[in-house]
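Good morning, and thank you for the opportunity to present. Please take a moment to look at the sequence and the model before I begin.

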Amino acid sequence: MKNTVKLLALAAALTVASAASAQQTKGTWLGTLGINKITPKVDSGDVSAPALPGTKADVGSDTKPRFAIAYMLTDNISGEVDLGLPYKHDLIGAGAIEGTGKLGTSEVLPPTAFIQYRFLPANSMFRPYVGLGITYAMFQKETGSGQLTALLNTGGPGTTFKLDDKWALSYQIGGTVKINEKWFIDATVIKTKLKTKVHFSTGQTQDVRLDPLAVSVSVGYNFKGF
């Protein structure tokens, strides 16, 4: 009887181990949905003449839902695509015009593709990972404020602007914590090296390095393809 119980316990343990090993193994898809906060780390150039010397800009942060889908190419190497809704950022006066308030707003949609390396065995409770990716930052719906017009086109029609869409490198560090054989928690930090140029309707331009830092926490589900 004792031997039978031991055999049953061993079989159960092997079954659990087999199911656990299916997590994040080659051929597995990993889908995550969560919240992501993007905070630009701005290094602003001056608005070109004619403008007050030292006319710079800062950019506010925004938080939106984040969806990512990854595929395990091997037990340790995965490819991931990060998607989501456009982020809306406030452009704020800085430098010589610090304190003037909001100059405008812009939306940006930054889809990113990563190649990742996931450490530790596929059935580990915790799996840290690193990633190297490429981001395409698409700017849209740029809107200038009355304050921007007062600074660049006093007494004239409203000033508008456009930001150049850009490719950029992104670096990622994160980790997953297993809830069970299918569900997990994912947390990741992404740094993107992004520089763009602002074109104002008044003819002036401005170079801005944004270098955003993104921090997200998500719930994930892994499954085999059909």
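I shall go through the overall picture, the aromatic residues, the core and one loop residue.

This is a predicted model, in which local features need pLDDT of at least 70 and side-chain atom pairs count only at pLDDT 80 or more, while totals for chains, interfaces and linings use all residues. Residues are numbered from 1 along each chain as its sequence is written, and side-chain values use heavy atoms, with hydrogens and water left out.

Let me begin with confidence. The pLDDT, the predictor's confidence in each residue from 0 to 100, averages 90 over the chain, and 89% of the residues score at least 70. Over residues 1-22, however, pLDDT stays under 50. Where pLDDT is low, the predicted coordinates should not be read in detail.

The chain contains 2 helices and 15 strands; these are DSSP runs, H or I of at least four residues for helices and E of at least two for strands, numbered from the N terminus. Of its 226 residues, 39% count as buried, meaning under 20% relative accessible area with a 1.4 Å probe and protein chains only, whereas exposed means over 50% and partly exposed lies in between.

I turn to the aromatic residues. The whole structure holds 6 aromatic pairs; rings of Phe, Tyr and Trp (its six-membered ring) pair if their centres lie within 6.5 Å, and planes under 30 degrees apart count as stacked, over 60 as edge-to-face and the rest as tilted. Why is the pair of tyrosine 117 and phenylalanine 119 edge-to-face? The ring centres are 5.0 Å apart and the planes stand at 75°, so the pair falls into that class. Tyrosine 117 is partly exposed, at 37% relative accessibility, and phenylalanine 119 is partly exposed at 36%. Elsewhere, Trp183, Tyr221 and Phe223 form one aromatic cluster.

Next, the core. The largest nonpolar core, a set of buried Ala, Val, Leu, Ile, Met, Phe, Trp, Tyr and Cys residues joined through side-chain atoms within 4.5 Å, has 23 residues. Among those with the most contacts inside it are Phe139, Leu148 and Phe200. Elements giving two or more residues to this core include β9 (126-144) and α2 (146-152).

Finally, threonine 159 sits in the loop between α2 and β10. Is this residue, threonine 159, buried or exposed? Threonine 159 is buried, because its relative accessible area is 3%. Beyond four places in sequence, its contacts (heavy atoms within 4.5 Å) include Leu148 and Phe200.
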